[in-house]
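Please walk me through this structure. Start where two of its parts meet, then move out to the whole chain and its local details.

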Amino acid sequence: MCGIVAYAGPGDTTAILLEGLRRLEYRGYDSAGVAVAARRKIKRVRVVGRVEELTDPVGADLTGSYPAGIAHTRWASHGPATTANCHPHTDGSGRIAIAHNGILDNAEQLRAEITAAGGVLTSDTDSEVLAHLIAAQLEAGAESLVAATSAALDRVRGTYGVVVLDAREPDTIVAARHGSPVVIGVGDGEMFIASDPAAIAHHTRKVVYLDDGELATVTAGDYATITRDSRRTIKAPVELTAAAEGYELDGYPDFMTREMHAQPEAMRRALAGRLDPRWGTTRLDGILLDARELRSLRRVTIFGCGSAYYAAEAGALLIEQLARIPAEAQPASELRYRNPVVDSDTLYIAVSQSGETADTLVAVEELQRKGARVIGCVNVVGSSIGRACGQGMFLHAGPEVSVASTKAVTNMTLSFAMLAVLLGRIRDLSPADGARLVAGLEKLPAQVEQILADDEHIAQIARTYANASRMFFLGQVRGWPVAREGAQKLKEISYIHAEAYPGSELKHGPLALIDESMPSVVVIPDDDVLERNLSTIEQIAARGGPVIAVTSAELPKSAPITHMIRVPHNSPELDPILLTIPLQMFAYHTAVALGRDVDKPRNLAKSVTVA
Ligand code: G6P
């Protein structure tokens with residue numbers, strides 16, 4: 001999604017901004033731009049396309065030294081991806097430049113007002129009005145850039161993370177936040193601002209997160225934060241955690257490969273210090289509810305978007321099975337609009353890798369407004385959702401760059417498994433079962449290593465089916481969220497139409513689609529619905545459909561399976577975590593065989609920060 005980078009200091013401003021934009025590329029964007037203040041005028045370069053295409057024009061036009069600058073990667077929301085719609089936007093006189101993330105709901109009305117007053121708008125965007133409104137406040141005598149920005153923001157409704165540059169005060173940047181993240185990086189005689197710490201983490205680890213309703217005035221040597229009603233806020237920098245840093249490919253062909261291979265290590269990090277073999281339970285110190293409060297829960301509702309939602313489904317099942325508490329998963333993008341009935345005995349859990357997904361964040365806020373108790377299951381420490389929840393389980397997956405989530409999703413399900421054991425042991429899960437599961441959790445990272453070593457076998461199967469135009473992913477009970485996530489991965493990065501179905505539903509309609517051209521990936525945990533899964537396979541094979549079985553079970557030799565992917569057996573409850581891994585690898589190799597841009601699939605963004 002849209003990204004902001006800004007810099008104030010003695011360094012090479014344009015080079016620092018371009019490098020920051022490059023580090024935000026993974027979030028997805030369609031155009032980019034840079035602006036600096038030069039001789040009482042804003043100079044800017046904007047392009048539709050990749051940041052590397054910006055490098056040449058910027059090199060040509062923005063050479064020289066500038067004390068401050070702002071930059072942006074845009075994901076078109078208001079108006080198509082054209083140069084005119086790229087940020088930074090300026091006011092009519094070219095004095096003010098802004099880069100904005102978020103959506104201004106009353107932009108149409110403000111655009112009409114600006115035009116009626118003789119202003120000329122040059123883009124279709126909502127954001128451009130901010131530059132005009134701030135310039136107008138300065139013209140009207142606002143005492144400072146931050147006062148002008150605050151007054152301009154009084155006029156807008158909607159969400160923003162915004163940075164502002166004034167050509168008449170070329171060493172100052174003003175930043176403001178409401179619903180869209182802004183972080184200030186505190187350097188030694190230089191300051192950085194970004195919408196995502198990944199853009200600046202290679203420069204400094206000391207950061208200040210702006211809160212909603214806060215503004216900051218930033219110069220090379222200082223930053224000052226105030227609220228919209230002009231109260232000074234005193235904020236000391238905090239240390240950036242590893243999970244918020246950006247990183248490099250380090251010899252891997254792409255981030256997805258690197259992140260898939262980082263899973264064992266990421267899982268070990270998530271498990272570290274949280275397993276209690278003695279009592280057959282887990283410790284999740286980020287959850288600030290005591291045993292009595294946890295015991296009094298009557299329901300658990302987990303919500304997230306995309307892959308996080310499928311992890312939520314796996315989590316709900318684990319909690320229901322191990323703790324015997326009714327648990328359900330909902331897409332956050334639906335929950336927020338449902339006017340949910342909030343129950344004081346329900347624990348709500350928001351799941352998100354980035355912690356910035358707007359649909360999930362708004363669902364958190366809506367639930368909290370109704371008095372719900374919401375905890376987070378989030379990867380990025382300091383993210384909006386993590387902070388809004390104030391408690392929960394951090395994923396410790398480390399930075400994830402590829403749009404298709406792998407290690408974060410694995411750690412989501414792993415975290416839910418730990419929570420399910422904890423809730424179970426507070427209720428009726430026996431010490432022996434608790435101990436069995438704790439031992440199983442401990443074994444998982446090494447088992448994932450084994451699966452990753454099966455890469456060439458899985459790649460061969462993927463190449464065999466890469467030309468299919470459609471595929472089924474089938475699973476039952478524990479296999480069902482795995483199948484949904486497998487279908488999601490294949491869709492996202494290969495663009496093959498993949499549909500997930502509960503295995504036993506096949507005969508109630510979709511069986512009509514089965515023929516030789518429709519491969520089915522069947523997810524088969526070693527559990528009590530094994531017979532049902534075998535029957536599903538028989539039904540497909542009888543209609544000539546190829547079957548790719550992904551299983552932790554010992555299947556009968558007679559089962560009509562075209563290709564088999566075996567994963568090690570753990571416990572029936574934990575096998576789904578292992579079964580997800582080959583499906584990532586299958587999607588990856590299919591996408592590679594089709595020549596897709598695996599890390600940056602078309603039309604998708606890593607974190608969707610607009611609603
Ligand atoms: C976007 C991405 C998905 C991701 C979802 C949730 O839609 O394209 O791959 O699963 O956001 O992201 P989150 O950061 O909240 O886990």
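**From a domain contact to the whole chain**

The centres of domain 2 and domain 3, taken over C-alpha atoms, are 24 Å apart. Their contact draws 36 residues from domain 2 and 26 residues from domain 3. This is a predicted model. The domain assignment places domain 2 at residues 248-449 and domain 3 at 454-601. Domain 1 comes before both, at 3-240.

Now look at the surface between the two. Domain 2 and domain 3 bury about 2,700 Å² between them. Of that area, 60% lies on carbon and sulfur atoms. Three residues of domain 2 stand out: Met256, Tyr310 and Gln447. Together they supply 21% of the area that domain 2 buries against domain 3, more than any other three residues.

Polar and charged groups also meet here. Between domain 2 and domain 3, 18 residue pairs are in polar contact, with both residues at pLDDT 80 or more. Which helices of domain 2 each supply at least two residues to the side that touches domain 3? They are H6 (255-261), H7 (263-271), H9 (307-323), H13 (407-426) and H14 (431-452). H9 gives the largest share, 9 residues. By class, this side of domain 2 has 20 nonpolar, 12 polar and 4 charged residues.

Salt bridges come next. The interface of domain 2 and domain 3 has 2 of them. Find arginine 484 and glutamate 313: their side chains meet in a salt bridge, at 3.0 Å from N to O. Glutamate 313 falls within the range of helix H9 (307-323), and arginine 484 falls within the bounds of domain 3 (454-601).

Step back to the whole protein chain. The structure holds 29 salt bridges. The secondary structure of the chain comes to 18 helices and 27 strands. The radius of gyration is 26 Å, close to the 25 Å that the globule rule gives for 611 residues, so the chain is as compact as a globular protein of that length. Along the principal axes, its C-alpha atoms fill a box of roughly 80 × 55 × 45 Å.

Finally, turn to some local details in domain 1, which spans 3-240. Arginine 22 forms a salt bridge with glutamate 19, and the closest N and O atoms are 3.2 Å apart. Both residues lie in helix H1 (residues 13-24). They sit 3 residues apart, about one turn of the helix.

Further along, check the backbone at proline 88. The peptide bond from histidine 87 to proline 88 is cis, with omega near -5 degrees. Proline 88 is in the loop between strand S4 (68-74) and strand S5 (89-90).

Another loop holds serine 230, between strand S13 (222-227) and strand S14 (232-233). Serine 230 is not a glycine, yet it has a positive phi of about 65 degrees.

How values were computed. Residues are numbered from 1 along each chain as its sequence is written. This is a predicted model: local features need pLDDT of at least 70, side-chain atom pairs count only at pLDDT 80 or more; totals for chains, interfaces and linings use all residues. Side-chain values use heavy atoms; hydrogens and water are left out. Domain bounds come from an automatic or database domain assignment. Contact means heavy atoms within 4.5 Å. Buried area is the accessible area (1.4 Å probe) that two parts lose on being put together, summed over both. A salt bridge is a side-chain nitrogen of Lys or Arg within 4 Å of a carboxyl oxygen of Asp or Glu. A polar contact is a pair of N or O atoms within 3.5 Å; within protein, one must be able to donate a hydrogen and the other to accept it, and residues adjacent in sequence count only if both atoms are side-chain atoms. Helices (H or I, at least four residues) and strands (E, at least two) are DSSP runs, numbered from the N terminus. Ala, Val, Leu, Ile, Met, Phe, Trp, Tyr, Cys and Pro count as nonpolar, Asp, Glu, Lys and Arg as charged, and the others, Gly among them, as polar. The radius of gyration is taken over C-alpha atoms; the globule rule is 2.2 Å times the number of residues to the power 0.38.
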